[in-house]
Protein chains: 2
Amino acid sequence: MSILVLGTVALDTIKTPYGLRKNILGGSAVHFSMSCRLFTEVNLVAIVGTDFPEKHIDFLHKKGVILTSLLKNNGRTFRWEGEYKGDLNCALTRNTELGVLLDFCPNVSKEQKKIKNIFLANLDPDIQWRLLNSINSPRLVALDSMNYWIENKHKSLLRLLKRVDIYVANDQEARSLTGEDNLIKAARCLHSLGPRMILIKKGEHGALFYCNKFIFCIPAYPVDKVIDPTGAGDTFAGGFMGYLCKKDKLNEMNIKKAIAYGTVAASFNVEGFGVEKTAGLCLRDLEKRLNQFKRIVLF
Amino acid sequence: MSILVLGTVALDTIKTPYGLRKNILGGSAVHFSMSCRLFTEVNLVAIVGTDFPEKHIDFLHKKGVILTSLLKNNGRTFRWEGEYKGDLNCALTRNTELGVLLDFCPNVSKEQKKIKNIFLANLDPDIQWRLLNSINSPRLVALDSMNYWIENKHKSLLRLLKRVDIYVANDQEARSLTGEDNLIKAARCLHSLGPRMILIKKGEHGALFYCNKFIFCIPAYPVDKVIDPTGAGDTFAGGFMGYLCKKDKLNEMNIKKAIAYGTVAASFNVEGFGVEKTAGLCLRDLEKRLNQFKRIVLF
């Protein structure tokens with residue numbers, strides 16, 4: 001089954017101990033697509049400005065991403081400037097230019113309204129809500145957000161949480177939304193807000209999944225040269241959702257495997273700037289690393 | 001095979017969000033023994049003062065810990081005062097009183113010199129060195145240390161590292177000793193300093209094992225009520241070493257299982273103040289939780 005991802009397409013300027021890249025292709029929907037496309041057809045819903053390079057459109061098209069709902073408006077593309085220092089776990093935002101994102105009103109085709117799997121990548125929860133309203137009868141809805149919306153659109157986010165199946169949050173977000181330091185407690189609290197599944201991303205420390213029936217903990221794939229972690233969380237979500245789209249049942253085994261796929265997908269992402277590494281991936285690469293990962297984590 | 005542990009026996013005063021405990025039984029050798037005793041006979045090498053309550057001696061004795069090399073000197077027992085806030089990952093030391101530790105010169109019996117498995121828990125590396133010299137022909141030597149010795153007895157620690165098989169460090173220590181932020185790189189660097197096995201403890205994020213032949217990552221057992229993390233690292237090491245003492249071969253499977261046992265042992269430790277929880281454990285409790293843990297981490 002195909003998937004629809006609502007999110008950002010961005011031009012990122014990123015500085016890490018390994019170098020500086022200016023205005024490279026980025027954004028939550030792009031990173032998500034890079035891993036998700038390995039499993040299923042990805043329909044991207046986003047907006048860019050007139051300054052957005054045509055080569056990026058060509059690139060996404062060649063990667064099989066469906067771009068019929070990628071709007072192009074007058075104005076500048078969303079831009080993010082960030083820097084990573086030391087252990088590269090935390091980005092320091094240097095500048096954010098929303099540009100055309102300010103007036104983004106997602107619009108999907110009649111065909112896309114029938115899509116069953118929806119990933120609402122980090123964006124204004126009111127825009128996520130609107131998009132969700134336009135979908136006929138979703139089977140699986142997952143949501144990502146960020147601290148900015150937790151603080152500034154709290155009510156909108158809470159309203160939205162009641163309608164999603166999976167809430168994908170990082171540890172900071174889980175803690176700030178719930179006021180709980182302990183992540184199990186935080187997950188339980190998030191669960192009580194509506195989503196029947198909670199997936200907490202912990203960066204280099206892996207991920208934690210919580211639902212009524214089971215808990216699952218997984219470490220990150222150990223990477224000794226983290227070049228640029230930008231988009232790792234979205235790449236993780238893309239692998240996770242992509243695998244689930246291919247499965248009929250959302251059972252314990254499939255969910256655990258999906259999280260493992262997301263984990264190895266994210267490990268490729270951090271090994272290069274932007275989509276440098278994930279752009280060239282095929283499913284076999286993911287499967288090969290998953291097998292290495294099994295030796296690293298199973299006992 | 002039995003084990004000899006050199007470390008501290010302490011009177012701890014601990015404040016956490018769950019309460020305050022004054023002068024409770026603690027110390028690296030004690031916490032280590034609480035889990036290690038479930039697998040093998042533990043010979044404790046440490047020192048206390050004349051103020052050390054007899055009831056603690058009785059308690060350790062009843063737990064099967066061999067106390068023939070627990071010295072009692074004139075003076076006060078080593079005392080540590082600490083506080084945990086927020087996520088309980090990091091202790092704030094309020095006070096340290098070395099007391100009789102200042103003149104500690106470990107002395108083991110002729111029989112104990114024949115012991116094959118040695119754990120050098122956190123202590124002055126010169127004292128650890130001296131103890132190691134008195135052992136006839138160890139089969140497996142593991143070492144723990146702390147930032148204080150990394151900074152203040154750097155040369156002694158480096159000298160010692162050349163003679164140990166396993167270096168057990170927490171992530172902070174691994175980073176500060178090597179100057180590497182990335183833990184894989186840090187592990188590789190520690191490995192180059194002598195120990196053929198490196199075991200990095202990451203608190204609530206689990207552990208990372210590194211040797212020539214394989215890498216192993218494991219999350220912590222998820223605990224939703226962390227009462228007091230004091231001694232979790234030593235309890236972890238005790239479960240790990242205890243399991244290895246029972247095995248002839250130090251192969252990949254046994255090492256991984258040993259780390260898993262250490263992980264679940266540590267999870268009990270944090271559920272109570274001091275040795276409140278680990279004192280009552282039997283091997284069956286550990287095995288039961290290990291089985292729950294498998295469902296939480298295996299896929």
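## Exercises on a predicted two-chain model

Asn23(B) lies in strand 3 of chain B. The model is predicted, and the exercises below begin from this residue.

**Exercise 1.** Determine what is notable about the backbone of Asn23(B), and classify the residue as buried, partly exposed or exposed.

*Solution.* Step 1: the phi angle of Asn23(B) is positive, at about 50°, although the residue is not a glycine. Step 2: a residue is buried if 20 or more other C-beta atoms lie within 10 Å of its own, and exposed if 12 or fewer do. Step 3: Asn23(B) has 15 other C-beta atoms within 10 Å, so the residue is partly exposed.

**Exercise 2.** Carry out the analysis for Asn23(A).

*Solution.* Step 1: Asn23(A) belongs to strand 3 of chain A, which covers residues 19-26. Step 2: its phi is positive, about 50°, and Asn23(A) is not a glycine. Step 3: because 15 C-beta neighbours are found inside 10 Å, Asn23(A) counts as partly exposed.

**Exercise 3.** Describe the sheet of chain B that contains strand 3, and identify the strands at its edges.

*Solution.* Step 1: the sheet is open and consists of 4 strands in the order 3-2-6-7, with mixed pairing. Step 2: strand 3 (19-26) and strand 7 (91-97) of chain B each have a single partner strand; they therefore stand at the edges, and one side of each lacks a neighbour in the sheet. Step 3: from one strand to the next, the twist averages 15°. Step 4: strands of a sheet pair through backbone hydrogen bonds, in either a parallel or an antiparallel manner. Step 5: strand 2 (residues 10-16) of chain B runs antiparallel to strand 3 of chain B, and 6 bridges join them. Step 6: Lys15(B) is placed opposite Leu20(B) of strand 3.

**Exercise 4.** State which residues have the most contacts inside the largest nonpolar core, and list the contacts of Ala142(B).

*Solution.* Step 1: the largest nonpolar core has 194 residues. Step 2: those with the most contacts inside it are Val5(A), Phe119(A), Ala142(A), Val5(B), Phe119(B) and Ala142(B). Step 3: leaving aside residues up to four places away in sequence, Ala142(B) touches Phe119(B), Leu120(B), Val164(B), Asp165(B), Ile166(B), Val168(B), Ala237(B) and Met241(B).

**Exercise 5.** Establish how chain A and chain B are related.

*Solution.* Step 1: chain A is superposed on chain B by a rotation of 180° with 0.0 Å of shift along its axis, at an RMSD of 0.0 Å. Step 2: the two copies are therefore related as by a two-fold rotation axis. Step 3: the same surface serves both copies, since 100% of the contact residues of chain A recur in chain B.

Key: Residues are numbered from 1 along each chain as its sequence is written. Chains are lettered from A and ligands numbered from 1 in the order in which they are written. This is a predicted model: local features need pLDDT of at least 70, side-chain atom pairs count only at pLDDT 80 or more; totals for chains, interfaces and linings use all residues. Copies are superposed by least squares on the C-alpha atoms of residues with pLDDT of at least 70 in both. Two residues are in contact if their C-beta atoms, placed from the backbone, lie within 7 Å. Two strands pair if DSSP finds at least two bridges between them. Helices (H or I, at least four residues) and strands (E, at least two) are DSSP runs, numbered from the N terminus. Axes are lines fitted to C-alpha atoms, for helices over the stretch in contact, and angles run from 0 to 180 degrees between N-to-C directions. A nonpolar core is a set of buried Ala, Val, Leu, Ile, Met, Phe, Trp, Tyr and Cys residues joined through C-beta atoms within 7 Å.
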